[in-house]
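Student: I would like to learn how to read the contacts in a model. Can we take them feature by feature?

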Amino acid sequence: MGIFTRSVASRKPNESMKLIVTTFVGVVSGFLIGLAFPTLYLTKFNLSSSVLSTFDFKYTEYTESSPSSSADVPLPVGNDSSSTNVTSDKIWVPSNPRGAERLPPGIVRAESDLFLHKLWGKPSEDLTSMPRYLVTFTVGYDQRKNIDAAVRKFSGNFTILLFHYDGQTTEWDEFEWSKQAIHVSVRRQTKWWYAKRFLHPDIVVPYDYIFIWDEDLGVEHFNAEEYIKLVRKYGLEISQPGLEPNKGLTWQMTKRRGDREVHKETEEKPGWCSDPHVPPCAAFVEIMAPVFSRDAWRCVWHMIQNDLVHGWGLDFALRKCVEPAHEKIGIVDAQWIVHQSVPSLGNQGESQDGKAPWKGVRERCRKEWSIFQMRFSAAEKAYFKSINSTSR
């Protein structure tokens, strides 16, 4: 106990000295802070608490993830002295796209594209060239050699977009071109399901022409650039390459003719055409390898039904999207392809009631065709009925 007493007694002078020094430093510091405080502008604290909280969060997040100084952090939009006070001047622009009426028109970007961008550098330096055309293939990995041959027929003026119905995507990197292509993968879907969801007209608007092709097409006698030249020459808004005449054709209209560059009409079996200018005698292409102009695709996209995924019936209705259809829809004979009729997507179906998977898919196709015809007919009747009722 004696040792403890001596220890306490010996520390008292030191602790007193520390208290005096601490008090002195505190007084001096308070005095200096008091002198400096008036130089701070109170207007800096006029921001609402919600905005300050947002800024504090963004600033903290930025400084934790970046080595840059705080000077690099931009203030939130509207917080600089040159911006309009949004609490007093409201923006409402009815001509803006729906949902964007509160934005100033100069910041609205209603359209987009499929161009690939860098993660570094200046945005203005990202694109050294912009493809003018788009080609899409709905593919399974088993058809990779056929797709490789097809893609090589399309120049650097084309964006290549692959829709994968079998879930295999990275495997395609065995082809150098695949590393620059766009890949979208959803299992067991058709090209029209993909097209409705990923080829909105406002997304593909940079492209003059959109090719929406199957995976089982032989392209030995096809050149995409030459094809585009003929489409422009003959004013075709909707077209397809002619089909090899010896490979199980369904329609005479799409059969290649060896004596011309393009044809727009044909003769079919007696009774098949009520008018020489309507399908399948004219204004008709099949859905295996159609090519659409930008304007035609905007119309066709809206006609595609969300739940009718096989597209059967579309070929007879495409003429509704161009006028005069028998002049603007045609077959390019000079650039022709072979339909190999590989039922690869059909085999992605499920066997029901002892039927092969492809049979169930084919039955669904026929049902969709009937449903589409009924919907279109009912829609036209309803429209003309409403027009007649308002005109009286």
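Tutor: Start with one contact: K320 forms a salt bridge with E380, and their closest N and O atoms are 2.9 Å apart. This is a predicted model, where local features need pLDDT of at least 70, side-chain atom pairs count only at pLDDT 80 or more, and totals for chains, interfaces and linings use all residues. Residues are numbered from 1 along each chain as its sequence is written, and side-chain values use heavy atoms, with hydrogens and water left out.

Student: What counts as a salt bridge?

Tutor: Side chains of opposite charge can pair when their charged atoms come close. The cut-off is a side-chain nitrogen of Lys or Arg within 4 Å of a carboxyl oxygen of Asp or Glu.

Student: Where do K320 and E380 lie?

Tutor: K320 is in the loop between α7 (314–317) and α8 (325–328), and E380 is in helix α9, so the pair ties together parts that are 60 residues apart in sequence. Helices (H or I, at least four residues) and strands (E, at least two) are DSSP runs, numbered from the N terminus. K320 is partly exposed at 40% relative accessible area. E380 is partly exposed too, at 29%. The classes are buried (under 20% relative accessible area), exposed (over 50%) and partly exposed in between, with a 1.4 Å probe and protein chains only.

Student: How many salt bridges does the structure hold?

Tutor: It holds 15. In one of them, R232 meets D208, with 3.1 Å from N to O. R232 lies in helix α5 (residues 224–233) and D208 in the loop between α4 (191–198) and β4 (209–213), so this bridge ties together parts 24 residues apart in sequence. R232 is partly exposed at 40%, whereas D208 is buried at 18%.

Student: Which salt bridge has both partners in helix α9?

Tutor: Look at R364 and E368, four residues apart, about one turn of the helix. Their side chains meet at 2.6 Å, N to O. R364 is partly exposed at 38% relative accessibility. E368 is buried at 2%. Elsewhere, salt bridges that share partners join R132, D208, R232 and R294 into one network.

Student: How many aromatic pairs are there, and by what rule?

Tutor: Rings of Phe, Tyr and Trp (its six-membered ring) pair if their centres lie within 6.5 Å; planes under 30 degrees apart count as stacked, over 60 as edge-to-face and the rest as tilted. By this rule the count is 32. W172 and F175 make a tilted pair, at 6.1 Å centre to centre and 50° between the planes. W172 is buried at 0% relative accessible area, and F175 is buried at 9%.

Student: Why is the pair of W251 and W272 edge-to-face?

Tutor: The ring planes stand at 70°, with centres 5.6 Å apart, so the pair falls in that class. The partners are 21 residues apart: W251 in the loop between β6 (238–243) and β7 (262–263), W272 in the loop between β7 and β8 (291–293). W251 is buried at 13%, while W272 is partly exposed at 37%. Ring pairs also build a cluster from Y133, F137, F154, F158, Y209, F211, W213, F222 and Y227.

Student: Which charged ends sit over rings?

Tutor: Apply the rule: NZ of Lys or CZ of Arg within 6 Å of the ring centre and within 35 degrees of the ring normal. The charged end of R144 sits over the ring of Y141, 4.1 Å from its centre. The charged end of K196 sits over the ring of W301, at 3.8 Å from the centre.

Student: K196 is in α4; is α4 enclosed or open?

Tutor: Six of its eight residues are buried, so α4 is largely enclosed by the rest of the structure. The buried residues are K191, W192, W193, Y194, A195 and K196.

Student: Which way do the side chains of strand β3 point?

Tutor: They alternate along residues 182–185. I182 and V184 point to one face and are buried; H183 and S185 point to the other and are not. For pairing, DSSP must find at least two bridges between two strands. Strand β2 (residues 158–164) and β3 pair in the parallel sense over four bridges. F163 stands opposite V184.
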